Amino acid sequence: MRSKIKNSVFLISKYLGLFAMARWLLRNKVRVLCYHGFTTIDEHLNVPGLFIEPQEFERRMSYLKRKGYKVIGLDQAYQDVSKGVKEKDRVVITIDDGYVSVLRKAAPIMKKYNYPSTLYLTSYFFDKDCPVFTLAAGYMFWKTKQPKADFSLLGIPSLAEFKECDLTKENKRKIAVLINEYGQPLNGNEKRVAILEALGKVLSVDYQQLNKDRLFNLVTKQELRELQQLGVDIQLHTHRHTFPVDYDIALKEIRDNKAAIDPLLNKPMTHFCYPSGVWSERHWQVLSEEEVLTATTCVTGLVDEKSPLFAWPRILDSSRVSQIEFEAEVSGFNELLRMARS
C-alpha cells in the first residue's frame, strides 16, 4: 500500500513538472547508477534487491536515451568532477560483483545503446566453477517445496539437533544463518561446495543444475575478456567481498583483488567500490596509498565537486525499484527532497 501511495505521489509530481524542475536545478550533478545481477531464471523473485529483469533494465536504458541523458564512463566522470567541469545530465552506469548475467544479459543491452559501463569485480569466486556460497544457500531454501528437512545430515555441529525440522520462514532464515556462519570461514572452496551439495539433497533442490545455470556464479577469465570487448571497464571490489577498517586486512583485500584481476586487463584498476556499501573515513588512507581515484558507496545521492572522492553516492536500481521511482531518482527529484529534509 505504501509503495502504491508513493508511486502515485511521484506520478503527480512528474506531471506537475517537478521532475523536470529538479533535473534542471541539478543538471550539473553526475548520476551514478548501481546494479548487481540480471535475472536469468527467477533470481529477482528471491533477491529483489540484488537482481533486475533484463527487460526492466532495458527500459531504464531506453529511458535515458529517450530523455537525452549523456551516459559517460567512470574515468570521464572523475576527470569532470576533479576539474570542476559543468556539463548537464551526465549518467554513469556501475555494476557490482561480476555475476555471469552481466555478460549474458546486461552487456548486450548496453552495447545496443552504445553506453560505457564499469564493473567492480570481486575476485574470490572469479573464474571458479561454483556459485557465491551465501546466495546459493539462500536460493535453495527459497526454492525447496519440502515441508520438513533433516539438517543434521549436513555435518554442521550447530545443526545437529535440527532433525525433521519444519521449514517455516523463520526456521529457514535461522538455519541459513547458521550454515553461512559455519561455511564462510572455511579454508578451501571445495568444503563450501560440499555443503551446498549436501544442502541440495536435504532440501531436494538440484545443486548441480543450479551450478550449471550459473545464476550466482561470477565470470570466468574468458568471459572477462568478452566483457572488455563489449566496452565494460573493470575496477576494484576487494578479493573476499569484505573491507574491514583494519589497515592491514583492508590493504590485503585490495592487493589480492589487484593480483587476481589486473594482469588480465589492458590498464590497472584505479576505481573502487565498497563491498556491501560498508565504508568509513578510516578506509581512506589505504585507498589513497593504493592510488585509488574514486570509491563509490551505496549511499543514495548525486555527485558533484563537493562529494568526497572516496565516498561517492549512487542511485541503487533493482527489481525493488519501480520505473517511476527510477525516474524520480535520475531526475534529481528525490535529491531535492533529501536536501529539503536535511
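Me: Contact means heavy atoms within 4.5 Å. Leaving aside neighbours within four places in sequence, which residues is Met61 in contact with?
Reply: This is a predicted model, where local features need pLDDT of at least 70, side-chain atom pairs count only at pLDDT 80 or more, and totals for chains, interfaces and linings use all residues. Residues are numbered from 1 along each chain as its sequence is written, and side-chain values use heavy atoms, without hydrogens and water. With those neighbours set aside, the partners of Met61 are Leu33, Tyr35, Ile93, Ile109, Tyr113 and Tyr115.

Me: Which helix gives the most to the largest nonpolar core?
Reply: That core (buried Ala, Val, Leu, Ile, Met, Phe, Trp, Tyr and Cys joined through side-chain atoms within 4.5 Å) has 49 residues, and Leu33, Tyr35, Met61 and Leu64 have the most contacts inside it. Seven of its residues come from residues 100-113, helix α6.

Me: How many residues are in the other core, apart from this one?
Reply: Leu135, Leu199, Leu210 and Leu218 are among its members. The count is 36.

Me: Which residue of β12 stands opposite Leu33?
Reply: Strand β12 (residues 312-316) has four of its five residues buried (under 20% relative accessible area). On one side, β11 (residues 294-300) pairs with β12 in parallel over two bridges, with Thr296 opposite Trp312. Strand β1 (residues 30-35) also runs parallel to β12, joined by two bridges. Across from Leu33 in β12 is Ile315.

Me: Is Trp24 buried or exposed?
Reply: Trp24 lies in helix α2 (residues 18-25). Exposed means over 50% relative accessible area (1.4 Å probe, protein chains only). Because its relative accessibility is 53%, Trp24 counts as exposed.

Note on methods:
Pairing = 2+ DSSP bridges.
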